[in-house]
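Work through the exercises below with the model open beside you, trying each task before reading its solution.

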Amino acid sequence: MDHDTAIVAEHLHKRYRSTVAVDGVSLRVRAGEVVGVLGANGAGKTTTVELIAGLRRPDAGRVRVLGLDPRRDRAALRQVLGVQLQQATVHHALTVDELIGLFRSFYPNPRSAGELLDLVDLTAQRRTRFEKLSGGQQQRLSIALALAGRPRVVILDELTTGLDPHARRRMQSAIEQLEHETVLLVSHAMDEVERLCDRVVLLDAGRIVADDTPAGLVSTVGAADLEEAFVTITGTRPGELEETA
Ligand SMILES: Nc1ncnc2c1ncn2[C@@H]1O[C@H](COP(=O)(O)OP(=O)(O)OP(=O)(O)O)[C@@H](O)[C@H]1O
């Protein structure tokens, strides 16, 4: 893998019992690129990023993140990869300060607690236990925790879903401020993808059906905007459930 490449996924397959979730996904992400992963509900986005993060084992295929095998090189990967998932799995009785301190302690050169609190606008909640935070605040904290160790690669699964407009803008500008990081961003918000992403991959039934810049995708199908391109290619709207046979 050359130095320019941050993520390589080759021919990934993942099945859950009778459901084929990921059906031959191959993807290459250059260092510093911000790539959006789009698709209807159930298209395989979360499974794909979980395979890349090493949280699930592919049935077939190969993943490398900065040259590391996510399952074999777990400890090394944890130092360079930050992951924000839909379901936070943190200790609910700990306060915001304690969780940030805990995550900072995992890394040799973490972002400061003040910077992290400011980034996600939780300074006023720093002494609040996780379980007492609102859903949106918990989500913002999980973004701060994903960024605590200055990861070189960041995986964000639904960065702003469920956040109010102010918090959405705030989280998007936090991601815009990341300068050298490689970002894989699962999103249903087409405005967010157009704003943040250099490139988008569109999944449909576990396969990549488009891989282009947002503008390239729009012009290829002759759409007015990314949302219309999404509808044209997948036959569903972003966030809508995919038709199953
Ligand atoms: N743990 C699991 N066990 C069984 N089936 C699963 C599991 N996780 C996902 N699936 C199925 O695999 C398919 C892909 O799911 P996945 O969560 O990857 O899609 P997604 O594109 O992230 O969807 P969403 O937009 O709703 O988050 C779906 O049909 C889903 O029902």
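**Exercise 1. Determine which elements cover the buried residues of helix α9, and which face of the helix these residues occupy.**

Solution. Begin with the cover: what packs over the buried residues of α9 includes β3 (34-38), α7 (190-196), β8 (199-204) and α8 (214-220). Helices (H or I, at least four residues) and strands (E, at least two) are DSSP runs, numbered from the N terminus. This is a predicted model, in which local features need pLDDT of at least 70 and side-chain atom pairs count only at pLDDT 80 or more, while totals for chains, interfaces and linings use all residues. Residues are numbered from 1 along each chain as its sequence is written.

Next, list the residues themselves: in α9 (residues 226-234), Leu226, Ala229, Phe230 and Thr234 are buried, where buried stands for 20 or more other C-beta atoms within 10 Å of a residue's own, exposed for 12 or fewer, and partly exposed for values in between, with C-beta atoms placed from the backbone. Seen down the axis of α9, these buried residues fall within an arc of 105 degrees, so they line one face of the helix; the arc is that of the directions from the helix axis to the C-beta atoms. Finally, Gly235, just after α9, takes a positive phi of about 75 degrees.

**Exercise 2. Find which helix gives the most to the largest nonpolar core, and describe how that helix is covered.**

Solution. The largest nonpolar core has 69 residues, and among those with the most contacts inside it are Val35, Val65, Ala144 and Leu184; such a core is a set of buried Ala, Val, Leu, Ile, Met, Phe, Trp, Tyr and Cys residues joined through C-beta atoms within 7 Å. Helix α5 (residues 135-147) gives the most to this core, with six residues.

Turning to α5 itself, ten of its 13 residues are buried, including Leu141, Ile143, Ala144 and Leu145. Their cover includes β5 (81-84), α3 (96-104), α4 (113-119), β6 (153-157) and α6 (165-177).

**Exercise 3. Identify which helix gives the most to the shell around the ligand, and state how many of its residues are buried.**

Solution. The shell is made up of Tyr16, Thr19, Ala21, Gly39, Asn41, Gly42, Ala43, Gly44, Lys45, Thr46 and Thr47, a residue being near the ligand if its C-beta atom, placed from the backbone, lies within 6 Å of it. Both β2 (19-30) and α1 (45-53) supply at least two of these residues, and α1 gives the most, with three. As for burial, nine of the nine residues of α1 are buried, and Gly54, which follows the helix, has a positive phi near 80 degrees.

**Exercise 4. Two residues other than glycine, His11 and Leu66, have a positive phi; decide for each whether it is buried or partly exposed.**

Solution. As background, most residues other than glycine have a negative phi, and most peptide bonds are trans. His11, in strand β1 (residues 5-16), has a phi near 50 degrees, and because 13 C-beta neighbours lie inside 10 Å, His11 counts as partly exposed. Leu66, in the loop between β4 (60-65) and α2 (74-80), also has a phi near 50 degrees, but with 20 C-beta neighbours inside 10 Å, Leu66 counts as buried.

Definitions and conventions: Two residues are in contact if their C-beta atoms, placed from the backbone, lie within 7 Å.
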